[in-house]
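Please open the model in your viewer and keep the sequence panel visible. The tour proceeds by selections, each followed by a description of what is found there.

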Amino acid sequence: MINEQRVRAIKMNPDQIKLVQESFKKVVPIASEAAELFYGRLFTISPDLKPLFTGDIKVQGTKLMKMLSVVVSGLSNLDTLLPTVKALGKRHVDYGVTADMYGAVGESLLWTLEQGLSEAFTPDVKEAWTAAYLTLQTVMCDAAYSESI
């Protein structure tokens, strides 16, 4: 069972959700560039992750941006979003993803947003995205690696 208490403990407030959703609107027009930045950064800080990506990285980037869009849109109704995020976490186990890899992914995401949003990546926006990522990471990891599932 997903530790709902842990998710609630880091659940985002409405202002943070709005910041993530509004800032993501600025990423959408540069989605392919953002995906390229993300994977470039990920493979720079964690080259050991590159072998997990055997397909076309541009196709993977498109999938990443689509999933981010679903997640960002769903932040307003986390209860509806949770099943999708849980399933995503479980699928990532099949890809060879381990819980310790999520840190590099989060770091790469925040770095990418900082590059793409520039001055619009304010401390409040960073804090909101950090809260969003930690919430999703918790749900994904609990679903994927909890022994009680």
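**Stop 1: Trp 129 and its surroundings**

Select Trp 129 and display its surroundings; the model is a predicted one. Leaving aside neighbours within four places in sequence, Trp 129 is in contact with Val 20, Ser 23, Phe 24, Val 72, Leu 109, Leu 110 and Leu 113.

Next, extend the selection to the largest nonpolar core, which has 42 residues. Within this core, Val 20, Met 65, Leu 75 and Trp 129 touch the most other members. The elements that give two or more residues to the core are α2 (14–27), α3 (31–45), α4 (57–74), α5 (78–94), α6 (102–117) and α7 (123–145). The most is given by α7, with ten residues. As a general background to this stop, nonpolar side chains in soluble globular proteins tend to be buried together.

**Stop 2: the whole chain**

Return to a cartoon of the entire protein. Seven helices and zero strands are present, and from the N terminus on the elements run α-α-α-α-α-α-α. Aligned along the principal axes, the C-alpha atoms fill a box of roughly 40 × 40 × 20 Å. A compact globule of 149 residues would have a radius of gyration near 15 Å, and the protein agrees with this, at 15 Å.

Colour by relative accessible area: 39% of the 149 residues count as buried. If a contact map is at hand, consider the contacts between residues at least 6 apart in sequence; 79% of these join residues at least 24 apart.

**Stop 3: helix α3**

Select α3 and view it from the side. At 1.5 Å a residue, its 15 residues should span 21 Å, and the end C-alpha atoms are indeed 21 Å apart. Now show the side chains of Ala 34, Ala 35, Phe 38, Tyr 39, Leu 42 and Phe 43, which are buried in α3. Rotate to look down the helix axis: the buried residues fall within an arc of 155°, so they line one face of the helix. On the other side of α3, Glu 36 and Thr 44 are exposed. What covers the buried residues of α3? The cover includes α2, α4 and α6.

**Stop 4: the aromatic residues**

Keep Phe 38 and Tyr 39 selected; both are buried. A pair of aromatic rings is described by the distance of the centres and the angle of the planes. How many aromatic pairs are there? The count comes to five. For Phe 38 and Tyr 39, the ring centres are 4.8 Å apart and the planes stand at 85°, so the pair is edge-to-face, a label that applies over 60 degrees. Add Phe 43 and Phe 53 to the selection, since Phe 38, Tyr 39, Phe 43 and Phe 53 form one aromatic cluster.

**Stop 5: Thr 112 and Glu 119**

Select Thr 112, which is in helix α6. Is Thr 112 buried or exposed? Thr 112 has a relative accessible area of 7%, under the 20% cut-off, and is therefore buried. Apart from neighbours within four places in sequence, Thr 112 is in contact with Ala 34, Leu 37 and Phe 38.

Finally, select Glu 119 in the loop between α6 and α7. Its relative accessible area is 69%, over the 50% cut-off, so Glu 119 is exposed. To end the tour, draw a C-alpha to C-alpha distance from Glu 119 to Glu 36: the two are 83 residues apart in sequence and 20 Å apart in space.

Definitions and conventions: Residues are numbered from 1 along each chain as its sequence is written. This is a predicted model: local features need pLDDT of at least 70, side-chain atom pairs count only at pLDDT 80 or more; totals for chains, interfaces and linings use all residues. Side-chain values use heavy atoms; hydrogens and water are left out. A nonpolar core is a set of buried Ala, Val, Leu, Ile, Met, Phe, Trp, Tyr and Cys residues joined through side-chain atoms within 4.5 Å. Buried means under 20% relative accessible area, exposed over 50%, partly exposed in between (1.4 Å probe, protein chains only). Helices (H or I, at least four residues) and strands (E, at least two) are DSSP runs, numbered from the N terminus. Contact means heavy atoms within 4.5 Å. The expected span of a helix is 1.5 Å times one less than its number of residues. The arc is that of the directions from the helix axis to the C-beta atoms. Rings of Phe, Tyr and Trp (its six-membered ring) pair if their centres lie within 6.5 Å; planes under 30 degrees apart count as stacked, over 60 as edge-to-face and the rest as tilted. The radius of gyration is taken over C-alpha atoms; the globule rule is 2.2 Å times the number of residues to the power 0.38.
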